[in-house]
Amino acid sequence: MRLTNHLNQLRRVLVLGIALVMMFIPMGGALTAPDDHAGPAPSVGLVCETDPNATFTLSALPGYISMADGNTIFMWSYGVGRDDFQFPGPVLCVNEGQTVTIVLHNDLPVPTSMVFPGQVGVMANGVPSAAQFDGSGKLTSLAQTVAPGGSITYSFVASRPGTFLYQSGTNPGIQVQMGLHGALVVRPALGANFAYNDPETEFDPEDEYLMMLGEIDPLLHQAIERGETFDMRNYKARYFLINGRTFPDTLAPNYASWLPTQPYGSLAHIYPYDPVTNPLPALSRYIGVGTEIYPFHPHAFNSDIIGRDGFPVKGPGGENLWEEKFSIPIGPVQTTDALWSWRDTENWSDTNPVPIDIPSDQNLTFGLFWGGTPYLGNTDTLPTGTTTFNQCGEFYHIAHNHALQQITGWGVVLIGQVTFTRIDPPLPNNCP
Amino acid sequence: MLIRRSKLTRREFLKWSSGLMAGVLASRVFRRPLAKSGEIALAASPSAPSAVPDIHLAATDGWIYLPGQVPIPGTSGQYYNPDPWAPDGLTTYMFGFRNVTGMTTQQMFSQKMHSQASAPLWWVNELQDYRLRLSNLGLQMRPDLIDEHTVHWHGFRNAWPVFDGEPHSSLAVPIGRSLDLFYKPRDPGSYMYHCHFEETEHVHMGMTGMVFVRPAQDGNPYTHNGRTFTKFAYNDGDGSTGYDREFTITLTDVWAEAHWDDAHVQLPDWTSFRADYNLMNGRVYPDTLAPNGNSETNPWAYDANGYLIPPPGRPELQWQPLSSLIEGESGERILIRLVNLSFFTHTMSTPGLKMRVVGKDATFLRSATADFTFETSHYIFGTGETADIIIQLPTVSTTTKYLLHNRDLRRLKNPGINGLGGHMTEIRVHPTGTLAPQTIPNTNPRP
């Protein structure tokens, strides 16, 4: 329906344009992470927070994020160090076998805690992390809490590789939905370019992506900001996010300056599979942090489901039982590791044309990413006034939640869980 | 979604919305000299070098019949469903596709406001060159909307944007225009297709259907468990996915408020989505059991106007032609191709019968090193997923009925009606000799 808000359209166009231009600012330039210990961040792909000793200082903080409809949402989330609010919490990357230490400072007005689903032997201030009960036997927290203004230290051995998350263990219905969650990546002993200790799980380290799927009920956040209580029976998610952003902000680079508290983009940027120059697949690490199963559907490729919840998908004899999926269900607190690639199976080009007639320009409308021809690496003039962000005949394919109410946001269409895959022509190419 | 320039003046555009004028205007507009690669003719004789399309789909709006009532909150005696603006006997405003292959131009234009639910079923052979033509007839009820349409073959591996139908990365078809799409599918299995333009609205409004790919192995005899098959779900090499009859089940839902909104020039907040109706192949139980519209030998038959032919005695199901009734004979194997294009995850159940899941998302559940097909009595799958399920029918001496239904019991209800409804159909097992061999999916031919 075309009766949507013109301002929103304008914003969308502007953000898309800026995002695509910013993608090509050289690494190490303006796009450095705000944390000096994080170093230059790639404009796309997974951004790791690392430490040689796997020791991290985090703060639970209040802050604000922006939705693509212009709304601003009050959040609780984790920042690196003592004052860098960001949402979601930083992606902590550690190596299998390391002892992970997290010092958490609580700068929220309520007690909080952290739990690490999938990890065993977690210690909190030197004693086993465990559910807490009051004198009457009533459950008060899933882990030892830290009072406002205090700090607590968690530690555990990252005993197996995979994709995990961390989140609040205190009043989690409220606190996790308020934003207290983040990703934890454990690299296998086999090497950082493998998902698991299995040579078949090798991926291209330049094509590693975080896909953290979440949601927001703005009325919950408003109530917490006002210091009011919120009845979870009234919970109704209205915004649906990837890595803490709504579309089209999802396409903006990591650490985009106009999204100061939402550092993680989710645009994937790959080359076609080639047995010599590009033999390795991309790896997407999906994490569900909402309340529902999100059926995520990347166009144009199937994904090999190689791991769930940090367990490689293998049979009793060690054989791979990888399902190949075009719609991937991502449940709450579930993680899914998926290998994928795009192959040029047809080799169409202007000398080997597609076997149809393309109608004349006035008989079609063109997408914002259409380059003017069907061919990878080719561009052509579009009618005057047509907007295109295509730069060098690269391909784009949408990747989105297929529960299509969840690609909208609070009455505005197409600002939900949507991102894109960008496929560049093989090198050498004319891309900037 | 995206505001694009109209190629027509508003005045012309409003005239376009008139069904009476559409054909006349179309012939004028389409005869304009074109600058590039030549005109895409809407008639059935496209100019060379385009091959004649294997299927020609037209996108438009329409009305269907859904039983029961969904009241408008805060009113007395007013209903989202049945919509008071619906034609006699019909209840619910839809967008959708029609199969107009072989129609005259006049017949095709007469299909404006005669879409069907669910969308026409079609299939392609592995490695077949297949051309689909999409024509946009416009939306009769909404002359203010100049929505383009597309066809997205959901799940097509290594798709090229030009044929993917996602309008940001590709082309879309304005009202009165056509576009050809080309497919050469390499992977057998069950898929789905839908319009991707303003997808939340267009998918929910009904532009959804199934497409599947037959394996190259079809036609070659393979014996499995003592029975020889020539039709298979996948290239199994051993007949283990062989079947006697096949049925497609596409799950969708209808939020009555959103459909009323579209007819009445209103906008819903899609995050408030709810399913008032739960549809199988465009109908709710017990209408799912009604026979196919048209005929058992040609499910795409149409009358002199190009209109669909309703099932006998059910004129209100004229625009919902696809039956979900599953019939087989004693000891046969049936293949059920499940598609979920609703907005929710569902669990389908066959009490008393075991399902063997042999494929998911158009992928045979067997690799070079492992067989992970599995048996179950409930299959859970989410939006945008497909499954290929083989059911071994029991040996019977009299007709025996089983059910295929959603285990989420909220989905087995039609609003305002006592008793069962929604996502349910029957599996009827007959003694040998009751049925003729099946050549077209979802048909139950008699000898």
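# Exercises on disulfides and salt bridges

In chain A the disulfides follow the pattern 1-2, 3-4 when bonded cysteines are counted along the chain. The model is predicted, so local features need pLDDT of at least 70 and side-chain atom pairs count only at pLDDT 80 or more, while totals for chains, interfaces and linings use all residues. Residues are numbered from 1 along each chain as its sequence is written, chains are lettered from A in the order in which they are written, and side-chain values use heavy atoms, with hydrogens and water left out.

## Exercise 1

Task: state how many disulfides there are over all chains, and characterise the link of C48(A) and C93(A).

Solution.
- Step 1. A disulfide is a pair of cysteine sulfur atoms within 2.5 Å. This rule gives two disulfides over all chains.
- Step 2. The sulfur atoms of C48(A) and C93(A) lie 1.9 Å apart, and the two residues form a disulfide.
- Step 3. The torsion about their S-S bond is about -70°, so the disulfide of C48(A) and C93(A) is left-handed.
- Step 4. C48(A) sits in the loop between α1 (6–22) and β1 (55–66) of chain A, and C93(A) in strand β3 (residues 89–95); the pair links distant parts of the chain, 45 residues apart. Helices (H or I, at least four residues) and strands (E, at least two) are DSSP runs, numbered from the N terminus.
- Step 5. C93(A) has 7% relative accessibility and therefore counts as buried. Buried means under 20% relative accessible area, exposed over 50%, and partly exposed in between (1.4 Å probe, protein chains only).

## Exercise 2

Task: find the handedness of the link of C392(A) and C431(A), and place both residues.

Solution.
- Step 1. C392(A) and C431(A) form a disulfide with sulfur atoms 1.9 Å apart.
- Step 2. The angle about the S-S bond is 80°, and the link of C392(A) and C431(A) is right-handed.
- Step 3. C392(A) lies in the loop between β23 and β24 (395–401) of chain A and C431(A) in the segment after β25 (418–423) of chain A, so the pair ties together parts 39 residues apart in sequence.
- Step 4. C392(A) is buried at a relative accessible area of 4%, and C431(A) is buried at 15%.

## Exercise 3

Task: describe the salt bridge of R186(B) with E346(A), and explain why the pair joins two chains.

Solution.
- Step 1. A salt bridge is a side-chain nitrogen of Lys or Arg within 4 Å of a carboxyl oxygen of Asp or Glu. The search of the whole structure finds 34 of them over all chains.
- Step 2. In the salt bridge of R186(B) with E346(A), the closest N and O atoms are 3.2 Å apart.
- Step 3. R186(B) lies in the loop between β9 (178–183) and β10 (189–194) of chain B and E346(A) in the loop between β22 (335–340) and β23 (365–366) of chain A, so the pair joins two chains.
- Step 4. R186(B) is partly exposed, at 34% relative accessible area, whereas E346(A) is buried, at 15%.

## Exercise 4

Task: give the N to O distance for R366(B) and D238(B), and the accessibility of each residue.

Solution.
- Step 1. The side chains of R366(B) and D238(B) form a salt bridge at 3.0 Å, N to O.
- Step 2. R366(B) counts as partly exposed at 27% relative accessibility.
- Step 3. D238(B) counts as partly exposed at 32% relative accessibility.
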